[in-house]
Amino acid sequence: DGNSSSNQNPLHIYSSTGPFNVSLAVTSNAGCTSSKTQLLNTVFAEPQAAFTSSAEVCIGNPVSFTDQSSVTGGTVNQWSWNFGDGNTSSQQNPSHTFSSAGTYTVTLNAQSSQGCPTVNNIATRTVTVNPLPVADFSIPLNGCVNRNLTITDASLVNAGTITKWNWNFGDGNNSLLTSGNPFTHNYTSAGSYNITLQVESNKGCVSTVVAKPIEINILPRAAFAVPEACLSDVQAPFSDSSTIASGSINGWSWNFGDPNANASNPNVSVLQNPTHHYTMAGPYTATLVAISDKGCTDTLSRTFVVNGSLPQAVFAVQNTGPLCSNADLSIKDGSTVDIGSLVRMEIFWDYVNDPTNKLVDDDPVPGKIYTHRYPEFGSPASRTVTIRYIAYSGASCFHIQTQTITLLATPSLQFGAVPGVCEDAASFPISQASLLNGLPGTGLFSGPGVTANGLFNPSIAGAGRHTITYTYNAANGCSNAVTSTIEVNPKPGINAGPDKVVLQGGAVTLTPSLNQGVPVSYLWSPATGLNDPTLANPSASPADDITYTLTVTSDKNCSASDQVFVKVLKAPAIPNIFSPNGDNIHDRWEIAALESYPGCTVDVYNRYGQLVFHSVGYSRPWDGKVNGKDVPVGTYYYVIDPKNGRNKIAGYVDVIR
């Protein structure tokens with residue numbers, strides 16, 4: 001192939017597959033030479049090793065290696081991998097997980113099916129195994145509801161840069177951030193939460209999840225009472241009323257809002273209930289920050305006025321008529337102050353006789369109306385009371401007005417129980433109400449069923465419980481009223497039921513309507529033909545037509561009545577002879593009791609079976625004629641169908657003259 005060697009036993013690598021004529025020339029030490037040529041027919045090709053893989057991988061993730069080796073004129077059937085970390089493989093396409101971060105040189109040797117190994121064409125690639133980032137962050141020991149919690153990221157990347165922060169705050173909220181810290185999160189409910197973080201680098205490496213607990217505490221509720229102060233007050237007191245549902249409040253930070261404060265009269269305080277001296281009248285805004293034992297805070301600001309020192313107490317009685325002891329007394333405020341506003345009113349309603357009877361208004365407004373009702377009395381005819389009215393503009397600034405008024409006695413009434421009555425009772429006067437203290441005047445009744453002349457009419461009031469009012473108007477202009485109730489009991493509902501028909505000697509059940517809302521008793525009259533007149537549904541078997549009266553009486557002794565007629569169908573009395581000769585004696589075939597069967601049919605036949613008389617009902621008895629002519633003397637046969645519970649009746653009748 002153009003190459004030569006002077007070695008006795010050379011090793012030569014061919015760069016192509018031939019064939020080749022190999023020649024050997026040898027020379028002895030005497031200078032003699034000999035040569036020989038031999039044909040090397042075939043040189044098999046060397047395999048070309050090649051493969052692909054990821055250039056970078058995160059520790060813990062496997063790397064897949066894909067063989068791309070080839071050989072001219074044959075196939076590759078053996079592979080020898082070296083992963084650079086002391087591990088090898090003979091698979092064609094192996095997968096390998098590196099146990100440590102670092103950069104590794106991976107090599108591949110291939111061998112052909114002819115047994116030729118890779119000598120000059122070994123494949124080599126570098127794989128970088130990146131370490132995982134480490135998630136970490138810092139938070140305060142405690143947090144507060146509805147306050148921003150500052151979270152500071154402290155994660156380490158180890159390789160590359162962190163590009164993602166996956167936060168979970170444990171309250172149903174999470175956040176995927178692409179920038180760093182610090183940032184805040186607001187919890188809306190108190191409790192224990194776990195904050196978790198997982199970070200990811202630009203290499204695609206993801207850290208494990210780190211979790212840290214946080215306790216979110218409730219807030220205190222700042223509250224305080226503003227001072228009722230005037231310029232004459234040495235100190236304006238502030239009263240803390242802050243609260244917290246659990247735990248305690250152990251810190252207070254006050255700002256009195258006083259631009260005229262100084263070192264000896266400071267504008268701030270950390271006392272729970274401080275005082276401050278204001279040197280000028282006018283509005284101020286005080287602020288309190290309440291601090292819990294967990295460091296949670298709440299802030300409240302309130303505006304108030306430091307008032308002038310010259311209040312004037314003024315009020316006017318609003319009642320225009322007599323001051324009756326059973327009516328409200330109304331007074332209207334007209335008080336003033338030189339600067340600011342009044343902070344409190346004290347009203348002693350009967351200062352001379354009862355100085356403890358006092359109303360205190362800590363939120364007075366000009367023109368406000370106050371009402372009071374004194375104990376009602378019926379004697380003596382009048383009493384006097386002294387109203388003492390005090391207006392405050394501060395703790396030491398106040399003014400007093402007094403006024404004496406006269407109260408009048410009111411009618412003393414009683415109204416006893418009124419007995420119940422039936423709905424159909426007659427009108428009657430109500431006598432159970434009376435005047436007890438003898439005041440001159442007039443009384444009247446009012447209410448359902450009370451007529452203009454003072455009578456109670458139960459039928460107008462209707463069934464039920466009614467309230468009757470007795471009002472007494474005294475001559476001194478005072479009135480009073482009392483009430484009592486009266487029960488109007490309803491009449492029982494009454495319906496004796498439908499009229500009945502009964503065959504003579506038979507029985508029929510009376511069927512009144514029994515839909516009663518109250519307990520009742522029944523009584524039928526007369527008792528003739530009844531099996532029991534006190535039953536609701538008695539059995540009746542009268543001998544003759546009869547009208548029964550049903551009286552129903554309630555448990556309140558109210559009664560009502562209704563009637564039912566019972567028709568007795570007697571057996572017809574059929575004569576077997578009559579003489580229609582015009583002498584007005586037995587000229588017609590009179591059948592007694594047949595008129596009780598208005599739907600009956602009467603048919604009379606001659607001895608040949610021919611119909612000579614037909615009647616529906618028997619309002620006009622047969623006169624012995626047919627078609628206006630007398631029938632011959634003889635015997636005739638009849639069929640009577642009562643059609644009212646009785647069977648047909650057949651027989652004969654003789655016509656004589």
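**Close-up views of a predicted model**

The structure, a predicted model, holds twelve salt bridges. The legends below take up some of them, together with a sheet, a surface patch and several aromatic contacts.

**View 1. A salt bridge joins Lys203 and Glu56.** The side chains of Lys203 and Glu56 meet at 3.3 Å, N to O. This pair links distant parts of the chain, 147 residues apart. Lys203 is in the loop between strand E18 (191-201) and strand E19 (210-217), while Glu56 is in strand E4 (residues 56-58). Lys203 has a relative accessible area of 35% and is partly exposed. Glu56, at 40% relative accessibility, is partly exposed as well.

**View 2. Lys212 meets Asp136 in a salt bridge and lies over the face of Phe137.** The salt bridge between Lys212 and Asp136 spans 3.0 Å, N to O. Lys212 belongs to strand E19 and Asp136 to the loop between strand E11 (123-130) and strand E12 (137-138), so the salt bridge ties together parts that are 76 residues apart in sequence. Lys212 is partly exposed, with a relative accessible area of 24%; Asp136 is also partly exposed, at 30% relative accessibility. The distance from Lys212 to the ring centre of Phe137 is 5.0 Å.

**View 3. Lys625 and Asp630 form a salt bridge.** Their side chains meet at 2.6 Å, N to O. Lys625 counts as partly exposed at 31% relative accessibility, and Asp630 is partly exposed with a relative accessible area of 42%.

**View 4. Glu228, Arg344 and Glu346 are joined into one network.** The network is made by salt bridges that share partners. The charged end of Arg344 also sits over the ring of Tyr392, 3.9 Å from the centre of that ring.

**View 5. Phe137 and Trp167 form an edge-to-face aromatic pair.** A search of the whole structure finds 32 aromatic pairs. In the pair of Phe137 and Trp167, the centres are 5.1 Å apart and the planes stand at 70°. Phe137 is in strand E12 and Trp167 in strand E15 (residues 162-168), so far along the chain that the pair links distant parts, 30 residues apart. Both Phe137 and Trp167 are buried.

**View 6. Tyr278 and Tyr284 belong to one aromatic cluster.** The other members of the cluster are Phe224, Phe238, Trp254, Phe256 and Phe304. The rings of Tyr278 and Tyr284 have centres 4.4 Å apart and planes at 50°, so this pair is tilted. Tyr278 and Tyr284 are both buried.

**View 7. Ile577, Val633 and Ile656 make a nonpolar surface patch.** The patch covers about 250 Å². Val633 is placed in the loop between strand E55 (629-630) and strand E56 (634-641). With a relative accessible area of 53%, Val633 is exposed.

**View 8. Four strands form an open sheet with mixed pairing.** The order of the strands is E38-E44-E43-E41. Strand E38 (421-422) and strand E41 (441-446) are at the edges and have a single partner strand each, so one side of each is left without a neighbour in the sheet. Strand E43 (residues 464-474) pairs with strand E44 (residues 479-489) in the antiparallel sense, over ten bridges. Gly464 has Val488 in E44 as its bridge partner.

Methods:
Residues numbered from 1 in each chain as written. Predicted model: local features only at pLDDT ≥ 70, side-chain atom pairs only at ≥ 80, totals over all residues. Heavy atoms only, no water. Pairing = 2+ DSSP bridges. Helix = DSSP H or I, 4+ residues; strand = E, 2+ residues; numbered from the N terminus. Salt bridge = Lys/Arg side-chain N within 4 Å of Asp/Glu carboxyl O. Buried < 20%, exposed > 50% of the residue type's maximum accessible area, 1.4 Å probe, protein only. Patch = residues over 30% accessible without salt bridge, like charges linked within 9 Å, V, L, I, M, F, W, Y side chains within 5 Å. Areas by Shrake-Rupley, 256 points an atom, 1.4 Å probe, with all protein chains shown as cover. Phe/Tyr/Trp six-rings, centres within 6.5 Å; stacked < 30°, edge-to-face > 60°. Lys NZ or Arg CZ within 6 Å of the ring centre and 35° of its normal.
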